[in-house]
Amino acid sequence: MNATELLRPSELVARWGVVLVHFLWQGTVVAALLALALRALRGATARARYAAACLALATMVALPIATFVILPSDHGVHLGSGAWATNHGVANGILASGFPERLDSWTSGWRWETWVVLPWSIGVLGFAIRLAGGWWHAQRLRVRDTVPAHPWLGERFEILARRLGLGRIVRIRESTRVAVPVVIGWLRPLVLFPVGLAAGITPEEVDALLLHELAHIRRHDFAVNLVQRLVETVLFYHPAVW
């Protein structure tokens, strides 16, 4: 198959439909291997288990791409409207009961892969809207109902950030909209600390909370979480991804 044929919308849809079907077994295999790896790593550090899970997630991203590239040109079976009506009694019954004939002409020539890609596209759109809503909410948290951190809290935060070797600028503010400390952002990370929380716990507990959030920043967890959400959006239909 030459490049021109591969770039045809119908061919792209057909190939992607086959990729989505193949990922059903591929994702299951990756999940099974990860389960075995985590079982073998029960006595290992949390970092090792975390790395294994990240590797499995990266593999789930790579497999559909690789499958799309290596698929042969005769990967699909064409199912026009006649074949659909002949092989599917339910569709025959619906069309015979007065279903608009324009649907039959509109779907004439569709491959079976199209019927896979169509609901997948709707699902991706729904999860993408949810992801965008979460991002919008996070951006609102950055600016709404926040105040500069108490000088003592800000000083402890800077000391701990230097102790962890964080060379980039990391900011902290107090917020009335969070119940627990959270990190927002990757390139410009911001720690939101609940207003008044530091006054109700010991300095050692404050340090533990701050170190926990700074560790998230040092490990780039916000970026990893974003990638995870994107993968879940595209491959939402497979339970192993979740």
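This passage walks through the sheet, the helix packing and the aromatic side chains of a predicted model.

The sheet is a good place to start. It is an open one, built from 4 strands in the order S1-S2-S4-S3, and its pairing is mixed. S1 and strand S3 (182–184) sit at the edges with a single partner strand each, so one side of each is left without a neighbour in the sheet. Going from one strand to the next, the twist averages 40°.

What does "mixed" look like in practice? Take strand S1 (residues 146–148) and strand S2 (residues 171–175): they run antiparallel and are joined by 3 bridges. S2 and strand S4 (residues 190–194), on the other hand, pair in the parallel sense, over 5 bridges. Glu174 is a handy residue to look at here. Val147 stands opposite Glu174 in S2, while Phe193 in S4 is also a bridge partner of Glu174. Ser175, for its part, stands opposite Pro194 in S4. A helix comes into this part of the picture too: helix H8 (residues 151–163) lies across S2 and S4, and runs at about 145° to S2.

Now for the helices. Two packed helices are described by the angle between their axes and the distance between the axes. Helix H2 (residues 9–40) and helix H7 (residues 112–143) have axes that come within 8 Å and cross at roughly 75°. H2 and H7 are therefore roughly perpendicular to each other. On the H2 side, the contact is made by Val13, Ala14, Trp16, Gly17, Val18, Leu20 and Val21, and on the H7 side by Trp112, Glu113, Thr114, Val116, Val117 and Trp120. Sorted by class, this contact of H2 with H7 has 10 nonpolar, 2 polar and 1 charged residues.

H7 has another helix to deal with as well. The axes of H7 and helix H10 (residues 221–234) come within 8 Å, and here the crossing is at roughly 150°. That makes H7 roughly antiparallel to H10. Trp120, Val124, Phe127, Ala128 and Leu131 in H7 meet Arg229, Leu230, Thr233 and Val234 in H10. By class, the contact of H7 with H10 has 7 nonpolar, 1 polar and 1 charged residues. Trp120 is worth a second look, as this H7 residue takes part in the contact with H2 and in the contact with H10.

That leaves the aromatic side chains. A search of the whole structure turns up 6 aromatic pairs. Which residues do ring pairs link into a cluster? The members are Phe23, Phe127, Phe236, Tyr237 and Trp242. Phe127 has already come up, as one of the H7 residues that meet H10.

Rings can also have a charged side chain over them, and two arginines show this arrangement. Arg15 lies over the face of Phe68, at 5.3 Å from the ring centre. The charged end of Arg219 sits over the ring of Tyr50, 4.0 Å from its centre.

Note on methods
Residues numbered from 1 in each chain as written. Predicted model: local features only at pLDDT ≥ 70, side-chain atom pairs only at ≥ 80, totals over all residues. Heavy atoms only, no water. Phe/Tyr/Trp six-rings, centres within 6.5 Å; stacked < 30°, edge-to-face > 60°. Lys NZ or Arg CZ within 6 Å of the ring centre and 35° of its normal. Axes fitted to C-alpha atoms, helices over the stretch in contact; angles between N-to-C directions. Helix = DSSP H or I, 4+ residues; strand = E, 2+ residues; numbered from the N terminus. Parallel < 35°, antiparallel > 145°, perpendicular 65-115°, else oblique. Contact = heavy atoms within 4.5 Å. Nonpolar A, V, L, I, M, F, W, Y, C, P; charged D, E, K, R; others polar. Pairing = 2+ DSSP bridges.
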